[in-house]
Structures are given as structure tokens and as C-alpha cells.
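The following note sets out, in numbered points, what a reading of the coordinates supports. Each point takes up one part of the fold.

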Amino acid sequence: MKPVLYLHIGHSKVASTSIQDFLSLNLGEIRSRGYLVADLDFQFPTQGEVVANPVGALEALHARDADGDAEIANRLRSLHASLTRAGSRFDKAIISAENLCNPGFAAAFAPALGLFDLRLVYYIRRQDDWLVSAWK
């Protein structure tokens, strides 16, 4: 069986930060259920504190064009190796980054996504509600 990878993608102002805060605050429980969570550096640590918001790291990697996109795919392959290693207590991972819906990120992720049972989480907001949130 393939390990499960949850990609939480979406536009800004649709509660992404709240979800990322929840992941960070509940990391112990999430890990106890077999999940790894992408951190600020787009790594997947098995212990210690995590800020579950790899937006900046993904932007920096993607800005390096083909080299950065290759590094994104390599990190996903490394994640797969961690999740499928004999004796690993982890078999699922979560990446929550609102910039994953931006142009180009699908191509950066595509080379490694076949390794995973992929689940997408995508939030949208009514336009009138989004405008109020963006204005605030």
C-alpha cells in the first residue's frame, strides 16, 4: 500500500493559517496517529516542535526554477522513503500551504506524487465573505 499524502491547498483568506496553527498545536496527537507534518523548512521531522507552514520554503525552492522543483520532488521521495521504511511508526503526511494552488506547483510536485495515495483538501470562500476577510 502507498502511504497517504494530504495536500491542503487553497487561496489566501480561507483559514489556512488557522489550520496550520491547529496542526502545530496538536502535533503530538497527530504524530501519535502516524502522521508527519511539513514544517517551516519543508522538512518532515519525527520529533520536536513544528511550525506547520512551509509556504516560504516552497516559494524559495520554486523560485530556483528547475533546480528548486527537482528539490521539491526529491523531498517528496525522501518523505516516501521515511513513511515506507520498515519499522516506521508513520504512514501518512500532511502538507498545508496555501501557495500550492499557484501556477507551477503542480508541475513541481507531479514527478513524485505517484508514490502516494493522494488526498486533496481545498477550501474556498464565498466572494462576499472573502472580501470582508481580505479587507480586515
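1. The contact between helices α3 and α4 is a suitable place to begin. On the α3 side, L58, L61, H62 and A63 take part, and they meet D65, G68, D69, E71, I72 and R75 of α4. By class, this contact comprises four nonpolar, two polar and four charged residues. It should be kept in mind throughout that the model is predicted.

2. The geometry of this helix pair can be stated briefly. The axes of α3 and α4 come within 5 Å and cross at roughly 130°. An angle between 115 and 145 degrees falls in neither the perpendicular nor the antiparallel class, and α3 and α4 are therefore oblique to each other.

3. D65, one of the α4 residues that meet α3, merits a separate remark. Most residues other than glycine have a negative phi. D65 is not a glycine, yet its phi is positive, at about 60°. The residue is found in helix α4. With a relative accessible area of 54%, D65 is exposed, because the cut-off for that class is over 50%.

4. A second residue with a positive phi is F42, for which the value is about 55° although F42 is not a glycine. F42 is found in the loop between β2 and α3. Is F42 buried or exposed? Its relative accessibility is 0%, so F42 counts as buried.

5. R75 connects several of these observations. This residue lies in helix α4 and is among the α4 residues in the contact with α3. Leaving aside residues up to four places away in sequence, R75 touches D41, F42, Q43 and L61. What does the side chain of R75 reach at 3.4 Å? The partner is the backbone oxygen of F42. R75 has a relative accessibility of 18% and therefore counts as buried, since the limit for that class is under 20%.

6. S78 also lies in helix α4. At 43% relative accessibility, S78 counts as partly exposed. The C-alpha atoms of S78 and T46 are 13 Å apart in space, while the two residues are 32 apart in sequence.

7. Helix α3 has a further partner in α5. Helix α3 spans residues 55–63 and helix α5 spans residues 105–113; the two pack at an angle of about 90°, and their axes are 11 Å apart. That angle makes α3 roughly perpendicular to α5. The residues that meet are L58, E59 and H62 of α3 with F105, A108 and F109 of α5. Sorted by class, the residues of this contact are four nonpolar, one polar and one charged. L58 and H62 also appear in the list of α3 residues that meet α4.

8. The sheet should be described next. Four strands form an open sheet with parallel pairing, in the order β2-β3-β1-β4. Its edge strands are β2 (35–37) and β4 (117–123), each of which pairs on one side only. From one strand to the next, the twist averages 20°. Helix α4, residues 65–84, packs on this sheet and touches β1 (4–10), β2 and β3; the direction of α4 makes about 150° with that of β3.

9. Strand β3 pairs with two neighbours. With β2, strand β3 (residues 92–96) pairs in the parallel sense over three bridges. Within that pairing, A93 in β3 is the bridge partner of L36, and V37 stands opposite I94. With β1, strand β3 pairs in the parallel sense over five bridges. There, I94 in β3 is the bridge partner of Y6.

10. How many of the five residues of β3 are buried? Five of the five are buried, and the strand is mostly covered. K92, I94 and S96 point one way from β3, whereas A93 and I95 point the other way. Burial thus applies to the residues pointing in either direction.

11. In summary, two points may be singled out for the reader viewing the model. The first is the buried F42, whose backbone oxygen is reached by the side chain of R75. The second is helix α4, which packs on the sheet and also meets α3.

Definitions and conventions
Residues are numbered from 1 along each chain as its sequence is written. This is a predicted model: local features need pLDDT of at least 70, side-chain atom pairs count only at pLDDT 80 or more; totals for chains, interfaces and linings use all residues. Side-chain values use heavy atoms; hydrogens and water are left out. Two strands pair if DSSP finds at least two bridges between them. Axes are lines fitted to C-alpha atoms, for helices over the stretch in contact, and angles run from 0 to 180 degrees between N-to-C directions. Contact means heavy atoms within 4.5 Å. Buried means under 20% relative accessible area, exposed over 50%, partly exposed in between (1.4 Å probe, protein chains only). A polar contact is a pair of N or O atoms within 3.5 Å; within protein, one must be able to donate a hydrogen and the other to accept it, and residues adjacent in sequence count only if both atoms are side-chain atoms. Angles under 35 degrees count as roughly parallel, over 145 as roughly antiparallel, 65 to 115 as roughly perpendicular and the rest as oblique. Ala, Val, Leu, Ile, Met, Phe, Trp, Tyr, Cys and Pro count as nonpolar, Asp, Glu, Lys and Arg as charged, and the others, Gly among them, as polar.
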